[in-house]
Amino acid sequence: MSSASPANRLITRLQHYVLFDDDERAAIEAACATPPLVVRQRRDLIREGDRPRGVHLIVDGWAFRYKTLEDGRRQIIAFHLPGDLCDVHGYILREMDHSVGALTPVRYVEIARDQIEGLATLGPRVAQALWWDALTSAAIQREWTVNLGQRDALERLSHLFCELIFRLRTVGMVDGTRCEIPLTQTDLAEATGMTPVHVNRMVQELRSRNLIRWKGREFEALDLDGLCDVAMFNPAYLHLDHEGRHLDANG
């Protein structure tokens with residue numbers, strides 16, 4: 001796992017909205033400077049019903065948000081990648097209404113409530129960047145709802161792959177169109193409302209069209225434009241086009 005500053009990827013991601021000055025970057029780094037915690041693969045960072053004490057920042061590894069029905073069936077409702085905040089305003093809740101688990105071994109920091117609130121008072125750049133983070137998370141949830149309600153199985157899976165590539169690219173974790181996707185077919189099934197068997201068929205279909213190569217964790221979009229066409233993928237909902245440029249430091 002990376003030994004870089006826990007805040008590096010968070011700052012990189014937030015600066016897709018607005019560029020910070022040195023003092024703001026230092027303040028974000030200070031807020032994230034608590035000793036990282038490590039959670040083993042397939043264990044929970046926090047469970048439904050727990051009282052949140054702060055905001056979790058994923059430093060390394062992949063996490064996921066999920067809901068479980070009384071009969072044990074599970075729905076994955078979000079993937080959290082390195083540099084992601086798990087519900088930036090979630091600390092105001094009395095108790096969690098969902099769980100956050102580790103798909104892989106995860107290293108994370110818990111940013112205290114007063115630290116997050118302090119960041120929001122630094123000025124409009126940091127405050128709006130944190131709101132951008134929350135609004136982008138909501139936009140991703142809306143797109144997942146469209147996925148489940150309107151896209152067919154092949155479109156749904158293609159869309160998820162496209163989204164992951166674009167999100168990983170923002171934090172420097174894509175080489176060309178190659179990246180690591182440490183998901184099982186069961187994970188994909190629980191995120192897309194399909195069975196693992198159906199997911200397998202859709203993966204094979206994408207391979208047969210020479211759109212993807214996927215072996216173990218190693219994923220490559222052989223034809224990213226073609227994959228986006230199948231998915232009807234428009235990355236606008238990820239809001240990665242520097243919408244806060246009018247607030248840029250030294251701009």
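1. A good place to start is the pair Asp 84 and Arg 167: in this predicted model, their side chains form a salt bridge, with 2.7 Å from N to O. Across the interface of domain 1 and domain 2, the rule finds three salt bridges. Polar contacts add to the picture, with nine residue pairs found across that interface, both partners at pLDDT 80 or more.

2. Next, it helps to know which secondary-structure elements of domain 1 touch domain 2. Helix H1 (8-14), strand S5 (74-80) and helix H4 (124-150) each bring at least two residues to that side. Strand S5 gives the most, with five residues. Sorted by class, the side of domain 1 that touches domain 2 holds eight nonpolar, five polar and six charged residues.

3. To place these parts along the chain, the domain assignment gives domain 1 as 7-144 and domain 2 as 152-231. The C-alpha centres of the two domains are 24 Å apart. In terms of contact, 19 residues of domain 1 meet 18 residues of domain 2.

4. How much area do domain 1 and domain 2 bury between them? The value is about 1,800 Å², and 61% of it lies on carbon and sulfur atoms. Three residues are worth finding in the viewer: Trp 62, Phe 79 and Leu 81 supply 31% of the area that domain 1 buries against domain 2, more than any other three residues.

How values were computed. Residues numbered from 1 in each chain as written. Predicted model: local features only at pLDDT ≥ 70, side-chain atom pairs only at ≥ 80, totals over all residues. Heavy atoms only, no water. Domains from an automatic or database assignment. Contact = heavy atoms within 4.5 Å. Buried area = accessible area lost by both parts, 1.4 Å probe. Salt bridge = Lys/Arg side-chain N within 4 Å of Asp/Glu carboxyl O. Polar contact = N/O pair within 3.5 Å; in protein donor to acceptor, adjacent residues only side chain to side chain. Helix = DSSP H or I, 4+ residues; strand = E, 2+ residues; numbered from the N terminus. Nonpolar A, V, L, I, M, F, W, Y, C, P; charged D, E, K, R; others polar.
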